[in-house]
Every structure is written in structure tokens, then in C-alpha cells.
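Student: I'd like to learn how to read a fold like this one. Can you walk me through it, starting with how strands are joined?

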Amino acid sequence: MKKTLVISLLALIALLTGCNQGTSSKDIAKVAYEWEKAKFNNEYDKQQELVFKKGSYEVDKGAKKINSGLKYKDIRFEVYYDKESEYYYVFTDFKNPNGDNAVKDNILLRQKSDVWKVDTSKSLDINREDIKDKIDRQACIHCE
């Protein structure tokens, strides 16, 4: 009986500890980086792993993979969390590794089975200024 009680107590502590661990802004930025990298490297299979709805982003289907050289440290990430909808908004700014232009992407992340995924259709509808006006920024990574 005592052994069962101790095991139950330990399981409860482990469960409560796990519930208190939220997703960090750095974790969200890393998902956004993986998405940007997969897009710039034409990595269709990786893109499909990262999208909320498989098949919702088909741009690079059949495209030849490349190595763009895009690095995490070269991207500025602004992270916003909408508590009401439970979405993360990530605004990425960086120099295109395949050209001379600046890239400004808006990414919306939704949770699916405890994993954060890119919702490509909702990402298209994001207005940066509206989000910045309505939601407090949670983090800004590489914003020196």
C-alpha cells in the first residue's frame, strides 16, 4: 500500500511539473527558423513535417533541394503570443541568402498534438501592425 502511494505521489509530481513547463520563445523561434530554412532550401519533406495541414504548402514539391546557407543567427525573430486564440505569431526579418533582397515573413504557429506547426493559410492573413498593436511582444531574438 505504501509503495502504491509513493508511486502515485511521484507520478502526480511529475505530471504537475510537466504542466508547468510552457513553450519558450526560443523554442518557437527555432520552429520558425526550421520553416524558413526548409523554404529557402526547397526541402518539401521538411516543409510537410512543419505545416499544420499536410499539403497546404506545395510550392517546392518536385523542386531540387539546395543549401541556402540560412543560419539561425542571421534572422531577427519577433515573437507574440495570443492567449485568446493560443497562437504564436513570429515575424522574421533577414537578408535573402539566395539574393540581395530583404525578407520579412509572417508566421502563425498553432499547436497540434503537443507540437507547434506552421499554419500557412492563416499566415497569409497576418497584418504585423495589427498584431503589434493588440498583443504584447513576448520576445525579440537577435534584435541587438
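Tutor: Sure, and keep in mind that this is a predicted model. Let's begin with one pair: strand β3, residues 102-112, runs antiparallel to β4, and four bridges join the two.

Student: What holds paired strands together in general?

Tutor: Strands of a sheet pair through backbone hydrogen bonds, and the pairing can be parallel or antiparallel.

Student: Which residue is the bridge partner of L109 in β4?

Tutor: That's V118.

Student: And what is the order of the strands in the whole sheet?

Tutor: Reading across, you get β4-β3-β2-β1-β5, an open sheet of five strands with antiparallel pairing. Because β4 (115-118) and β5 (137-141) have a single partner strand each, they stand at the edges, and one side of each is left without a neighbour in the sheet. On average, neighbouring strands here are turned by 25 degrees against each other, direction ignored.

Student: Which helix packs on the sheet?

Tutor: Helix α2, residues 25-40. It touches β1 (76-82), β2 (87-95), β3, β4 and β5, and its direction makes about 120 degrees with that of β3.

Student: Let's turn to charged side chains. How many salt bridges are there?

Tutor: The count comes to twelve, taking a Lys or Arg side-chain nitrogen within 4 Å of an Asp or Glu carboxyl oxygen as the rule. Take E49 and K46 as one case: their side chains meet at 3.6 Å, N to O.

Student: Where do E49 and K46 sit relative to each other in helix α3?

Tutor: They are three residues apart in α3 (residues 44-50), so about one helical turn separates them. As for solvent, E49 has 43% relative accessibility and counts as partly exposed. K46 is partly exposed too, with 26%.

Student: How about a pair with an exposed member?

Tutor: Try E58 and K61, whose side chains also form a salt bridge, at 3.6 Å from N to O. E58 is partly exposed, with a relative accessible area of 31%. K61 reaches 55%, and exposed means over 50%, so K61 is classed as exposed.

Student: Which salt bridge links distant parts of the chain?

Tutor: Look at E78 and K132, which meet at 3.5 Å, N to O. E78 is in strand β1 and K132 in helix α5 (residues 128-134), 54 residues apart, so this pair links distant parts of the chain.

Student: Is E78 buried or exposed?

Tutor: Buried: its relative accessible area is 3%, and the class takes anything under 20%. Its partner K132, at 30%, is partly exposed.

Student: Which residues are linked in a network of salt bridges?

Tutor: E78 and K132 belong to one, together with R76, D93, K104, R128 and R137. When you read a pair like this, check whether its members take part in further bridges.

Student: Last topic: covalent links. How many disulfides does the count give?

Tutor: One. C140 and C143 form the disulfide, with their sulfur atoms 1.7 Å apart.

Student: What is the handedness of the link between C140 and C143?

Tutor: Check the torsion about the S-S bond: at -75 degrees, the link is left-handed.

Student: And how do the two cysteines stand towards solvent?

Tutor: C140 has 25% relative accessibility and counts as partly exposed. C143 is partly exposed as well, at 26%.

Conventions
Residues numbered from 1 in each chain as written. Predicted model: local features only at pLDDT ≥ 70, side-chain atom pairs only at ≥ 80, totals over all residues. Heavy atoms only, no water. Pairing = 2+ DSSP bridges. Axes fitted to C-alpha atoms, helices over the stretch in contact; angles between N-to-C directions. Contact = heavy atoms within 4.5 Å. Buried < 20%, exposed > 50% of the residue type's maximum accessible area, 1.4 Å probe, protein only. Disulfide = S-S within 2.5 Å.
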